[in-house]
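Hi everyone, thanks for making time this morning. I'd like to walk you through one model, so please have a look at it with me.

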Amino acid sequence: MARSSSRTRTRSSTRPRAVAAPVNPRTVFLASLGAAVLAGRQAERLASDVAEVPQRLRAGADAAVDTARSEVKKLAKSARSRIAPLKREADKLGAQIDAARVQGVAEAAKRLNPLLTRVGLPKIVAKAPAKRAAKAAVKRPVAKKAVKARRRA
């Protein structure tokens with residue numbers, strides 16, 4: 001197969017230039033009328049967009065608050081679950097320390113009371129460990145709900 005050696009040439013033609021309309025009061029009036037109509041349409045579009053902005057902002061803020069609230073709940077639950085075993089262990093250690101203190105005071109009283117009576121000093125009285133009172137339920141503060149802002153007159 002032989003290639004054709006002929007090439008097609010495209011000619012560029014000059015485009016006809018638009019002739020400028022003569023400037024007279026009628027064309028100026030019509031141009032200003034067209035500009036006024038376009039400005040009115042644009043103003044209507046902008047007004048409708050501006051009317052939607054507070055609603056979109058409020059919806060976004062509400063969504064952010066809900067997200068933050070759920071995150072806080074998750075973190076609080078996680079913190080409580082991590083702190084609870086430590087608190088139980090601290091309570092056990094506190095009870096052991098109280099028992100050891102009472103036992104140490106009783107042992108010291110047992111050994112030192114005969115000596116203290118000879119010297120004329122008051123005896124050491126060993127006290128039973130104090131029972132811990134059950135804690136009352138602590139009322140936690142509740143976050144206040146956001147109040148809708150009022151416009152000033």
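I'll start with the whole chain and then stop at two valines.

First, a word of care: what you see is a predicted model. The protein has 153 residues, and buried ones make up 3% of them. Its accessible surface comes to about 15,700 Å², with 60% of that belonging to carbon and sulfur atoms. As for secondary structure, we have 1 helix and 0 strands.

That helix, α1, covers residues 25-119, and Val105 is found in it. So, what does Val105 touch once we leave aside its neighbours within four places in sequence? The contacts are Ile124, Val125 and Ala126. Take Val125 as one of these: it sits 20 residues from Val105 along the chain, yet 8.2 Å separates their C-alpha atoms. Even with these contacts, Val105 has a relative accessible area of 30%. Buried would need a value under 20% and exposed one over 50%, so Val105 counts as partly exposed.

Now please turn to Val37, which also belongs to helix α1. Is Val37 buried, partly exposed or exposed? Its relative accessible area is 39%, so we call Val37 partly exposed, by the cut-offs I just gave.

Val37 has company at the surface, too. Together with Phe29, Leu30 and Leu33, Val37 makes a nonpolar surface patch of about 360 Å².

To recap the two valines: Val105 is in contact with Ile124, Val125 and Ala126, while Val37 is part of that nonpolar patch. Thanks for listening, and I'm happy to go back to any of these residues on the screen.

Definitions and conventions
Residues are numbered from 1 along each chain as its sequence is written. This is a predicted model: local features need pLDDT of at least 70, side-chain atom pairs count only at pLDDT 80 or more; totals for chains, interfaces and linings use all residues. Side-chain values use heavy atoms; hydrogens and water are left out. Helices (H or I, at least four residues) and strands (E, at least two) are DSSP runs, numbered from the N terminus. Buried means under 20% relative accessible area, exposed over 50%, partly exposed in between (1.4 Å probe, protein chains only). Contact means heavy atoms within 4.5 Å. Patches are made of residues with over 30% relative accessible area and no salt bridge: like charges are joined within 9 Å, nonpolar side chains (Val, Leu, Ile, Met, Phe, Trp, Tyr) within 5 Å. Accessible areas come from the Shrake-Rupley method with a 1.4 Å probe; for residues, only the protein chains shown count as cover. A salt bridge is a side-chain nitrogen of Lys or Arg within 4 Å of a carboxyl oxygen of Asp or Glu.
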